[in-house]
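Reader: I would like to learn how to read helix packing and residue environments in a model such as this one. Could we go through the features one at a time?

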Amino acid sequence: MTPTVREEVPRDVKPLLRNRDFVLLWQAAAVSGLGSNASSVAYPLLILALTGSPADAGLTGFIALLPQLLFQLPAGALVDRWNRRRTMIACDVLRGAAVGSVAAALLLHRLSLPHVLAVGFAEGTLTVCFRIAASAAVPNVVHPSQLAAALSRNEARARGAAMLGQPLGGVLFGLGRAVPFLFDAASYLWSLAGLLLIRREFQAGRRARTAPLHRDLTEGVRWLWRQPFLRTTTFLIAGSNLLFQALFLTVIVMARGGHGSSAAIGVMFGVAAAGGVLGSLVAPAVERRLSMRTVVIGANWVWALLVPVLLVVRDPYLIGVVYALMCFVGPVWNVVVSAYQLAVTPDAIQGRVLGAVGLIAFGAVPLGSLVGGQLLARLGADATVWVLAAWMVLLAATAALSPSVRSAPALTGAAAADEPEPTPAA
């Protein structure tokens, strides 16, 4: 059967809000995401309070981010081999235990930096597995006609969790150093309860795989490389992720230069996150009206035009408005391209393809931090914005001139890609 991204919802299909399994899955990820965002703010505050060393705080962030580079492909391969629902349940149990150990050590006055680093690395690794399994599960819990709407709600969930969770982390840390970590551990228990109540399977029926794991590690990459449109958009996503990670540090420096307080900078990013939430809410309507070619080319040019605007604003709140416009566009891109990718990818290799995409897209994030810091140190904020603007124009021109984007498949009747060639038995 040929899956489609855009098709009429049959009358006998329940609305998403009445789809019990989707609602449970959404709520589980929403609450655990809220807890994760709260603890992500608490970790650097904790390390600075314990050691007073910004270098140690930076090391903690790097170690927590490292699994995004190391384990995308292995996690994707394992998600396709294992039961996805059980994998997510195991991840929640282990993540809750890991974060809970930080809270317990704080209450017992026994916490050390190596303990925090180990927990950060473990939680980051388990989160990679959980995220890939959750993304691969979506097409199996909603009707194909509701895929774009489901992804839109997931976008709103992720951005809303960031908008609320990060300020909440600071507030909870002020109540007590262990409080945000207790909250995060409790959020994993809530997620676990939701997953246990879900009845539907998270994958289609499949035969047990007997091929060596090392072949699975590259199968998603090989499949992705054979899809010109997805291959191009994945690299465009990586390029824009690099830019936004560099821009994140740049706007902080610019706001500081404009005498913005820490509270004002927090509001600035809250405004930006609100733009992302609004974008995720309108994404389904945009998806129904615009072609994928228009979305991909248009999003890149909107970003290319908005980056230089930062040169003429200095007030943190105005910077937040410009940043919010950029964040507004992101969910539209994510929903349209992700809905197409999930629809055309065979379920048997969904995890491996998501891992391949994640490796390229998330792999650019730490590089963006490095590039942004070096540019700011050597050139200053204004020159850094010019460099990033030029980079974004290059990406936009690449999108506009790319044959695979210009001939992007229609969302209506998007044909499933060929099934992967069977892997020989070991």
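Reader: Which handedness does the crossing of α11 past α12 have?

Author: In this predicted model, α11 passes α12 in a left-handed crossing.

Reader: What is needed, in general, to describe two packed helices?

Author: Two packed helices are described by the angle between their axes and by the distance between those axes. In the present case, helix α11, which covers residues 292-306, packs with α12 at an angle of about 160°, and their axes are 10 Å apart. Because angles over 145 degrees count as roughly antiparallel, α11 and α12 are therefore roughly antiparallel to each other.

Reader: Which residues make up the contact of α11 with α12, and how do they divide into nonpolar, polar and charged?

Author: From α11, the residues Met 292, Val 295, Val 296, Ala 299, Asn 300, Val 302, Trp 303 and Leu 306 take part, and they meet Val 322, Leu 325, Met 326, Val 329, Gly 330, Val 332, Trp 333, Val 336, Val 337 and Tyr 340 of α12. The residues of this contact of α11 with α12 divide into 16 nonpolar and two polar, with no charged residue.

Reader: How do the axes of α9 and α12 lie with respect to each other?

Author: The axes of helix α9 (residues 228-257) and helix α12 (residues 316-344) come within 12 Å and cross at roughly 160°. That makes α9 roughly antiparallel to α12, and α9 passes α12 in a left-handed crossing. Among the α9 residues in the contact are Phe 229, Leu 236, Phe 244 and Phe 248, while the α12 side includes Ile 319, Tyr 323, Met 326, Trp 333, Val 337 and Tyr 340. The residues of the contact of α9 with α12 divide into 18 nonpolar, two polar and no charged. Of the α12 residues just named, Met 326, Trp 333, Val 337 and Tyr 340 also appear in the contact with α11.

Reader: What does the contact of α1 with α5 look like when it is read in this way?

Author: Helix α1, residues 20-51, and helix α5, residues 113-141, pack at an angle of about 160° with their axes 12 Å apart. They are therefore roughly antiparallel to each other, and α1 passes α5 in a left-handed crossing. Here Phe 22, Leu 25, Ser 36, Tyr 43 and Ile 47 in α1 meet Leu 113, Val 116, Val 119, Glu 123 and Val 141 in α5. The residues of this contact of α1 with α5 divide into eight nonpolar, one polar and one charged.

Reader: Is Ala 134 buried or exposed?

Author: Ala 134 has its place in helix α5, and it counts as buried because its relative accessibility is 16%, the limit for that class being under 20%. Ala 134 and Met 88 are 46 residues apart in sequence, and their C-alpha atoms are 7.4 Å apart in space.

Reader: Where does His 109 lie, and what is its phi?

Author: His 109 lies in the loop between α4 (84-107) and α5, and it has a positive phi of about 60° although it is not a glycine. At 72% relative accessibility, His 109 counts as exposed.

Reader: How do Ala 389 and Trp 391 fare in accessibility: buried or exposed?

Author: Ala 389 lies in helix α14, residues 381-401, and Trp 391 is found in helix α14 as well. Ala 389, at 4% relative accessibility, counts as buried, whereas Trp 391, at 32%, counts as partly exposed. Leaving aside neighbours within four places in sequence, Ala 389 is in contact with Val 307 and Pro 308, and its C-alpha atom is separated by 6.1 Å from that of Ala 304, 85 residues apart along the chain. With residues up to four places away not counted, Trp 391 touches Gly 239, Leu 242 and Leu 243; the C-alpha atoms of Trp 391 and Gly 239, 152 residues apart along the chain, are separated by 8.4 Å.

Reader: Where does pLDDT stay under 50?

Author: Where pLDDT is low, the predicted coordinates should not be read in detail. In this model pLDDT stays under 50 over residues 415-426, for which there are 26 contacts beyond four places in sequence. The protein chain averages a pLDDT of 83, and 88% of the residues score at least 70.

Notes
Residues numbered from 1 in each chain as written. Predicted model: local features only at pLDDT ≥ 70, side-chain atom pairs only at ≥ 80, totals over all residues. Heavy atoms only, no water. Axes fitted to C-alpha atoms, helices over the stretch in contact; angles between N-to-C directions. Helix = DSSP H or I, 4+ residues; strand = E, 2+ residues; numbered from the N terminus. Parallel < 35°, antiparallel > 145°, perpendicular 65-115°, else oblique. Left-handed = near helix turned anticlockwise from the far one by under 90°. Contact = heavy atoms within 4.5 Å. Nonpolar A, V, L, I, M, F, W, Y, C, P; charged D, E, K, R; others polar. pLDDT = per-residue confidence, 0-100. Buried < 20%, exposed > 50% of the residue type's maximum accessible area, 1.4 Å probe, protein only.
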